[in-house]
Amino acid sequence: MSDLLPIISLQCPICSLCQRGLSHVVQVYCPLATSPYHRTINVFACTNPQCSGKSESWIVLRSQCLDDDIKGRQDNKTKTCRESAMSRTDWCDEADDWGMDEEEQENVAESGERVRNDSVSEETDVSSKLQGLSIDGGLDQQSALQPPHAHVFQSFYISVMEETDLDGFHDTDHENELLREYEEREGVMVGEIRSCGSGEAHEEYEKATVKHGDEVFTGFMKKISLCPEQVLRYSWAGSPLFITEQPFNVSEMVPFCGHCGSPRVFEFQLMPALVSLLCSAGTNSDTPLEFGTVLVYTCRNSCWKSGSTVPVEEFIFVQPDPDQKLFK
């Protein structure tokens, strides 16, 4: 799978606020149906508590490559391995010529043959493992992306499913219990609240007012109640799900692509459930990163210069965790 991931520059991104190295948070392989490119998006964030919840302390990089680029990399690997194998064979051809006389060679011939046979399988096994190493993908690349003093998070894969398939897909007893407790605590029936953008009048909505007064947050909770454990919500050119009131100038807030001038579209967002999973890979188990939701916008044309290894920076917008404001 690593051979399908476009290479990105190994230079570590830096936080624009505190100048510290950013930590790698998530990597998404997301090719577009109308594009011939393999496409990967990497998100980085600063774990400095003073930068928490600020968009300036995050960065998102998009990388792409064609099948021909991948084939060229694989051909280079094969050529390198073949030349390496030839060098080892040439050396072995001369390995027995150490200037010994005939009698000494005859004395060690039998034992040498046994040693050689015993070591063939071991050498083959070691060689096969060495040929599997790579400096342009997989774990080696991930390690190179991390600055020396940045947090390194434990890695894991995420399962993918359609949002429309969630109804009845799993046992929701626990989620329903949490929802009931939330309704009792806030004095509102979540089912009575419609999306703010629906524009539909609803008599019961006028009577139901949440204690904290943030209907956007309540709508967010209702939407994710089908799958509260989701960590990433993907919807290219779709609509983001804001956790608190969205900026009034959100359409103007997202800049056009700096490379081709095309407008950017929403692509995916990181969800609150991801925070608890971002554990340090070292001995420190504390969660050094906090956020409410992280929205990623990318070039609508997904512009790219073929053969380039320099990633394109896209736009990212962070809404901080609203808990402190809503539940204090």
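The following is a conversation between a student and a tutor about a predicted model of one protein chain.

Student: What makes up the chain in terms of helices and strands?
Tutor: The chain has eight helices and seven strands, and buried residues make up 35% of its 328 residues.

Student: How do you know which strands are the edge strands of the sheet?
Tutor: The seven strands form an open sheet in the order β1-β2-β3-β7-β6-β5-β4, with antiparallel pairing. The edge strands are β1, residues 23–29, and β4, residues 232–234, because each of them pairs on one side only. Neighbouring strands of this sheet are, on average, turned by 25° against each other when direction is ignored.

Student: Why are β1 and β2 said to pair?
Tutor: Two strands count as paired if at least two bridges are found between them, and β1 and β2, the latter spanning residues 38–45, are joined in the antiparallel sense over six bridges, so they meet that condition. One of the bridge partners can be named: Val26 is matched with Val43 in β2.

Student: Why is Ile158 called partly exposed?
Tutor: A residue is buried under 20% relative accessible area and exposed over 50%, with partly exposed in between; Ile158 has 42% relative accessibility, so it counts as partly exposed. Ile158 is placed in the loop between α3 (138–145) and α4 (173–186).

Student: What makes Ile158 eligible, by its accessibility, for a surface patch?
Tutor: Patch residues need over 30% relative accessible area, and the 42% of Ile158 satisfies that cut-off, so on this point Ile158 qualifies. Together with Phe156 and Leu277, Ile158 makes a nonpolar surface patch of about 250 Å².

How values were computed:
Residues are numbered from 1 along each chain as its sequence is written. This is a predicted model: local features need pLDDT of at least 70, side-chain atom pairs count only at pLDDT 80 or more; totals for chains, interfaces and linings use all residues. Side-chain values use heavy atoms; hydrogens and water are left out. Helices (H or I, at least four residues) and strands (E, at least two) are DSSP runs, numbered from the N terminus. Buried means under 20% relative accessible area, exposed over 50%, partly exposed in between (1.4 Å probe, protein chains only). Axes are lines fitted to C-alpha atoms, for helices over the stretch in contact, and angles run from 0 to 180 degrees between N-to-C directions. Patches are made of residues with over 30% relative accessible area and no salt bridge: like charges are joined within 9 Å, nonpolar side chains (Val, Leu, Ile, Met, Phe, Trp, Tyr) within 5 Å. Accessible areas come from the Shrake-Rupley method with a 1.4 Å probe; for residues, only the protein chains shown count as cover. A salt bridge is a side-chain nitrogen of Lys or Arg within 4 Å of a carboxyl oxygen of Asp or Glu.
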